[in-house]
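Q: Please go through the labels attached to this model, and set each value against the definition behind it.

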Amino acid sequence: MDTTIKIGAETRDKLAALAEARNMSMRALIEEFAATALTPAQLQERAERTDAFLVSEFGHRVSEDDAGALRERMRQAQAAHQSRVRGTPA
């Protein structure tokens, strides 16, 4: 079954450019995104599996404080990378 999704012209144009760059249709691009993007429930399940693995293999449980600190370090690293890509200081 086909359906219509209403989006703004700017978003449509960006999706079209992304699809063209990948040599695929916008339909295929959106289907690929839907197939590979994780839902909140899937992300939670993955986090729980990761936690269980760390406990079973290394005897280590990541606390909320540890997780928050790691997220912040990743944000900082991403911002620094983006600054280098744009040629501006972090």
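Q: How many salt bridges does a search of the whole structure find?

A: The search finds six salt bridges, where a salt bridge is a side-chain nitrogen of Lys or Arg within 4 Å of a carboxyl oxygen of Asp or Glu. The model is a predicted one, in which local features need pLDDT of at least 70 and side-chain atom pairs count only at pLDDT 80 or more, while totals for chains, interfaces and linings use all residues. Residues are numbered from 1 along each chain as its sequence is written, and side-chain values use heavy atoms, with hydrogens and water left out.

Q: Why is the contact of Arg12 and Asp13 called a salt bridge?

A: The side chains of Arg12 and Asp13 meet at 2.9 Å, N to O, and the definition asks for a nitrogen of Lys or Arg within 4 Å of a carboxyl oxygen of Asp or Glu, so the pair qualifies. Side chains of opposite charge can pair when their charged atoms come close.

Q: What makes Arg12 and Asp13 partly exposed?

A: Buried means under 20% relative accessible area, exposed means over 50%, and partly exposed is in between (1.4 Å probe, protein chains only). Arg12 has 41% relative accessibility and therefore counts as partly exposed, and Asp13, at 43%, also counts as partly exposed.

Q: What separates Arg27 and Glu31 along helix H2, and how do you know that they form a salt bridge?

A: Arg27 and Glu31 are four residues apart in helix H2, which means that about one helical turn separates them; a helix here is a DSSP run of H or I with at least four residues, strands are runs of E with at least two, and both are numbered from the N terminus. The closest N and O atoms of Arg27 and Glu31 are 3.2 Å apart, and Glu31 is partly exposed, with a relative accessible area of 46%.

Q: What makes Arg75 and Glu72 a salt bridge, and how far apart are they in helix H4?

A: The closest N and O atoms of Arg75 and Glu72 are 3.2 Å apart, and because the two are three residues apart in helix H4, about one helical turn separates them. Arg75 is partly exposed, with a relative accessible area of 48%, and Glu72 is partly exposed as well, at 35%. Elsewhere, salt bridges that share partners join Asp2, Arg27 and Glu31 into one network.

Q: Why are Glu48, Asp51, Glu64, Asp65 and Asp66 called a patch of negative charge?

A: These five residues gather on the surface, and Asp and Glu count as negative, whereas Lys and Arg count as positive and His and the chain ends are not counted. A patch is made of residues with over 30% relative accessible area and no salt bridge, with like charges joined within 9 Å (nonpolar side chains, Val, Leu, Ile, Met, Phe, Trp and Tyr, within 5 Å). The place of a charge is taken as NZ of Lys, CZ of Arg, CG of Asp or CD of Glu. Helix H3 (40-58) and helix H4 (64-86) each supply at least two residues of the patch, and H4 gives the most, with three.

Q: Is Asp65 buried or exposed?

A: Asp65, which has its place in helix H4, is exposed, because its relative accessible area is 66%.

Q: How do you know that the span of H3 agrees with the expected one?

A: The expected span is 1.5 Å times one less than the number of residues. The 19 residues of H3 should therefore span 27 Å, and the end C-alpha atoms are 26 Å apart, which agrees. H4, with 23 residues, reaches 33 Å, close to the 33 Å expected, and H1, with 13 residues, reaches 18 Å, close to the 18 Å expected.

Q: What makes the phi of Asn23 notable for a residue other than glycine?

A: Phi of Asn23 is near 60°, a positive value. Most residues other than glycine have a negative phi. Asn23 lies in the loop between helix H1 (9-21) and helix H2 (26-36), and is exposed, with a relative accessible area of 72%.

Definitions and conventions:
Areas by Shrake-Rupley, 256 points an atom, 1.4 Å probe, with all protein chains shown as cover.
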